[in-house]
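Colleague: Could you take me closely through one part of this model, and then place that part among its surroundings?

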Amino acid sequence: MPRDFLKDARDHYDIVVIGSGLAGLTSANTLARAGYSVLLLEHHYQLGGMATWFNRRGGHIFDISLHGFPFGMKKSCRKYWTPEIAERIVQLDGIRFENPQFSLQTSFDREDFTSILIDKFGVAAETVAEFFDMARGMNFYDDQEMTTGELFERFFPGRDDVVRMLMEPITYANGSTLEDPALTYGIVFSNFMSKGVFTFQGGTDALVRAMKEEMTANGVDVRIRCLVEKIEVTPGRKVAAVVVNGRRITCQAVVSNANIKQTVLELVGADAFDNEFVDETRAVRLNNSSCQVYIAMKPGAGFEPCGDLLFHSEHRGFDIDAMLSRDISSRTFSFYYPRTRPGSDRHLVVSSTNANYGDWADLSEEDYEASKQDLCETTLDCLEQYVPNVREITDHVEASTPRTFQHYTRHPLGASFGTKFEGLKVSQGLSSQVEGLFHAGSVGIIMSGWLGAVNYGVIVANEVDKLLAPAPANV
Ligand SMILES: Cc1cc2nc3c(=O)[nH]c(=O)nc-3n(C[C@H](O)[C@H](O)[C@H](O)COP(=O)(O)OP(=O)(O)OC[C@H]3O[C@@H](n4cnc5c(N)ncnc54)[C@H](O)[C@@H]3O)c2cc1C
């Protein structure tokens, strides 16, 4: 008999959350805390979505997306999760750039960036201050016409070295480019610049375990290996039920943490929406994907401190095509020391590159395996510049590609960072099309990344609460 992953699940919940990415987890937890009955359904055997990890023989644990997030995550975790989770969020202060134009290390905050821009790049102090103030003042309601490229041109005309320092880490963090709206850059950049780059000590596995405990304590019914096939909507456009693993479960509201386009076009179906809304959904552009190479050193073997995050590039200026190309010339290395997981003796490196799904999608199995092997080898060659004996001390190496991300998260094109800016409007517009239908997940660049996903999960939970909360008694 196949195992029933919905054993003892009820036939009705107030809210069903589809997907356990950070936004789905946070929505589920917030709604359960508010007293609703919540069912969380995840198709994978592990919770966390792209906030995930994997184990390999020899006791190695690799984190996929634990490279760094802004300080705001600490505040959000304290408020919407637990003080214990928040306490484990610690700063990474070794952020390095190594490229033909400059070599530097920074704590990646406004104060340090200001000194670097003035002292090393010779930019006038007033220009730097004005730039930071403008970036920090940007918000969702601002002019959405100005592009990030135009913002840079206004403050730093002709300075491709300055643009590279300001833009490369943000492209790496959320896939955005010089063509995206300046406000998406301003918001994300300023979040980082407030205090620098942070990580979760103990690893993603410890974080997700702690989140699961908290959700369970708050009464969320958590189910893995449960693939939602359909969200049922009444002819009057109200959410009625979900169909999962062949079973129908009714509910008053659904929060979908699946990709926004999949939610509208596949899980619900275009018929339930206005034509104009469907057209807008179809027009949403997905963000690009990633390749990673995971390298574990032998137990007890290590390397000298190399920084925490190292932006390595071999070409001049900020060049998005070069960053996405399969002919890789830009890599971001995350160096993990034993302190990442206190008590461990392991040093690991994860190398990440932004990538085009199309470059990997249609390779034959043979070419695909050969390309992954080549990716591993060329990454080790590059890493030798920073860890000279890396090949001697390496115990395990493997690569992931946009195909891997698509397989595990079901995101079309293996999109690592959700959608471009227009995805936010569609995500926010769902509930005005179908009563009780919500989306929480990486969209619009600003709601992407660990912090964006957690915060969007809370925002959407509040919207669900507004719909379902009983009207106040008339006294
Ligand atoms: C390589 C890489 C590196 C990254 N590095 C960083 C970083 O350093 N810092 C940072 O802040 N962010 C980083 N990110 C981005 C960050 O991880 C994501 O933005 C964030 O985790 C996404 O959360 P989410 O809630 O949008 O959902 P996702 O993580 O996309 O999860 C969606 C979940 O829904 C599930 N699902 C989908 N469809 C169904 C269905 N029909 N039924 C049931 N379940 C379903 C999926 O299995 C998945 O678990 C990185 C991402 C990648 C890929």
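Modeller: What follows is a close look at I445, and after that a walk outward to other parts of the chain.

The model is a predicted one, and I begin with I445, which lies in the loop between β18 (437–439) and α18. I445 is not a glycine, yet its phi is positive, at about 65°. Is I445 buried or exposed? With 28 C-beta neighbours inside 10 Å, where 20 or more are needed to count as buried, I445 is therefore buried. Setting aside residues within four places in sequence, I445 is in contact with N174, S176, D180, T184, V188, K420 and F421. By contrast with these contacts, a residue such as L92, which is 353 residues from I445 in sequence, has its C-alpha 23 Å from that of I445.

Two of those contact partners lead to a pair of helices. The axes of helix α7 (residues 160–174) and helix α8 (residues 182–195) come within 11 Å and cross at roughly 95°; because angles of 65 to 115 degrees count as roughly perpendicular, that is how α7 and α8 are placed with respect to each other. On the α7 side the contact is made by I170, A173 and N174, and on the α8 side by Y185, V188 and F189. By class, the residues of this contact divide into five nonpolar, one polar and no charged. N174 and V188, which take part in the contact between α7 and α8, are also among the residues that I445 touches.

A second residue with an unusual backbone angle is R410, in the loop between α16 and α17 (422–433). The phi of R410 is near 65°, again a positive value in a residue other than glycine. R410 has 17 other C-beta atoms within 10 Å and so counts as partly exposed, whereas I445 counts as buried.

The helix α18 that bounds the loop of I445 also leads to the ligand. The elements that give two or more residues to the shell around the ligand are α1 (22–33), β13 (289–297), α16 (402–409) and α18 (449–468). There are 40 residues around the ligand, and G19, G21, G49, H67 and G449 come nearest. By class, this shell holds 16 nonpolar, 22 polar and two charged residues.

Elsewhere, the largest nonpolar core has 129 residues, of which I15, V16, V38 and V254 touch the most other members. Leaving aside neighbours within four places in sequence, I15 is in contact with L31, Y36, V38, C251, Q252, A253, V255 and V464.

Two further residues complete the picture, starting with V387 in the loop between α14 and α15 (390–393). V387 has 22 C-beta neighbours inside 10 Å and therefore counts as buried. Not counting residues up to four places away in sequence, V387 touches F303 and C306; C306 is 81 residues from V387 in sequence, and the two C-alpha atoms are 8.0 Å apart. D374, for its part, is found in helix α14 (residues 365–383). With 13 C-beta neighbours inside 10 Å, D374 counts as partly exposed, and its C-alpha is separated by 9.5 Å from that of A399, which is 25 residues away along the chain.

Technical notes: Residues numbered from 1 in each chain as written. Predicted model: local features only at pLDDT ≥ 70, side-chain atom pairs only at ≥ 80, totals over all residues. Near = placed C-beta within 6 Å. Helix = DSSP H or I, 4+ residues; strand = E, 2+ residues; numbered from the N terminus. Nonpolar A, V, L, I, M, F, W, Y, C, P; charged D, E, K, R; others polar. Axes fitted to C-alpha atoms, helices over the stretch in contact; angles between N-to-C directions. Parallel < 35°, antiparallel > 145°, perpendicular 65-115°, else oblique. Contact = placed C-beta atoms within 7 Å. Core = buried A, V, L, I, M, F, W, Y, C linked by C-beta atoms within 7 Å. Buried ≥ 20, exposed ≤ 12 C-beta atoms within 10 Å, placed from the backbone.
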